[in-house]
Amino acid sequence: MRKKIAAANWKMNCTLPQAEDLLNKLSTANVHVTEEKISIIAVPYAYLLLAKQILAAKQNIFVAAQNCYTKKSGAYTGEISAEMLQSMQIPYVIIGHSERRDYFNETNSMLADKVNIALEYNIQPIFCCGEALDIREAGTQNSFVEKQLKDSLFHLTNEQIIKVVIAYEPIWAIGTGKTATNEQAQEMHQHIRKVLAGKFGNDIANNISILYGGSVKGANAEEIFAQPDVDGGLVGGASLNAEEFSTIINSL
Ligand code: PEP
């Protein structure tokens, strides 16, 4: 059975006191999580250990990093390695967020390397894919996303791909307040699952969690998550408010 996941992406937000406050609120929030319905909080690197410490008693709420570098270690000033994340017992890492692709020129092949190194260190990648507005308007979103998946994930073995969480995030819906319709989300998630099934088989594709990201809020989470191929969400803006994010978790 694939897991339902409410994942938070704090991006580059929160000072230390703000992060502490938000984590404390999340640690006491009335959220229903189980082994099958989990939450993942991706915080800035500087707060990884703080987040682990504050959420330590919360079962089924996990801490994630927002990125890692392709190399094991060395002279890569400002980067963080999968080995470092593993040494802090961080179980998940976001790979290939559209902001990383756009602002930091991360390519599909670089992302394949990042997925590889994360898996090598036993960290589950939350692999982001999704098209920009011009691609959606041209109607070529299915082949665009398919290529992202093929280029960055198709070299994996069955044992490896099963550890990957996919997040479909149409760029035109990220931080814009414009959510994909339930139909648009379901259609793309079904397509992604079909593409995965074509390569790895139905059993594996049916066990991979595919999250939707793009202006998910407390008010729209339930209907999006109710789509048959949507297994939860990756949430930016709304994850910075503990009450709002708790509603999203409870919508799984
Ligand atoms: C994101 O950053 O992954 C995201 C989906 O952001 P938002 O929820 O703010 O659109």
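Modeller: A polar contact is a pair of N or O atoms within 3.5 Å. Keep that cut-off in mind; this is a predicted model.

Biologist: Which residue offers a polar backbone atom to an oxygen atom of the ligand?

Modeller: The pair must fall within 3.5 Å to count. Here the distance is 2.8 Å. The backbone atom belongs to G237.

Biologist: How much of the ligand's accessible area does the protein cover?

Modeller: On its own, the ligand has 290 Å² of accessible area. The protein covers 96%.

Biologist: How far is the side chain of E169 from an oxygen atom of the ligand?

Modeller: E169 is among the closest of the 14 residues that surround the ligand. K11 is also in that group, and a polar side-chain atom of K11 lies 2.6 Å from a ligand oxygen. For E169, an N or O atom of the side chain sits at a distance of 2.6 Å.

Biologist: How many residues of the shell around the ligand are polar?

Modeller: The shell splits by class. Four residues are nonpolar and two are charged. The polar count is eight.

Biologist: Which pocket by size does the ligand take up?

Modeller: The ligand fills space that ranks among the pockets. That space is the second largest pocket.

Biologist: Which residue forms a salt bridge with R2?

Modeller: The structure holds 10 salt bridges. In the one with R2, the closest N and O atoms are 2.7 Å apart. R2 precedes β1 (4–9), and its partner, 229 residues away, lies in the loop between α11 (221–225) and β8 (232–235). That partner is D231.

Technical notes. Residues numbered from 1 in each chain as written. Predicted model: local features only at pLDDT ≥ 70, side-chain atom pairs only at ≥ 80, totals over all residues. Heavy atoms only, no water. Near = heavy atom within 4 Å. Polar contact = N/O pair within 3.5 Å; in protein donor to acceptor, adjacent residues only side chain to side chain. Areas by Shrake-Rupley, 256 points an atom, 1.4 Å probe, with all protein chains shown as cover. 1 Å grid on protein atoms, 1.4 Å probe; cavity = no way out; pocket = protein on both sides within 12 Å on 5 of 7 lines; lining within 4 Å. Sits in = over half its atoms within 2 Å of the grid points. Nonpolar A, V, L, I, M, F, W, Y, C, P; charged D, E, K, R; others polar. Salt bridge = Lys/Arg side-chain N within 4 Å of Asp/Glu carboxyl O. Helix = DSSP H or I, 4+ residues; strand = E, 2+ residues; numbered from the N terminus.
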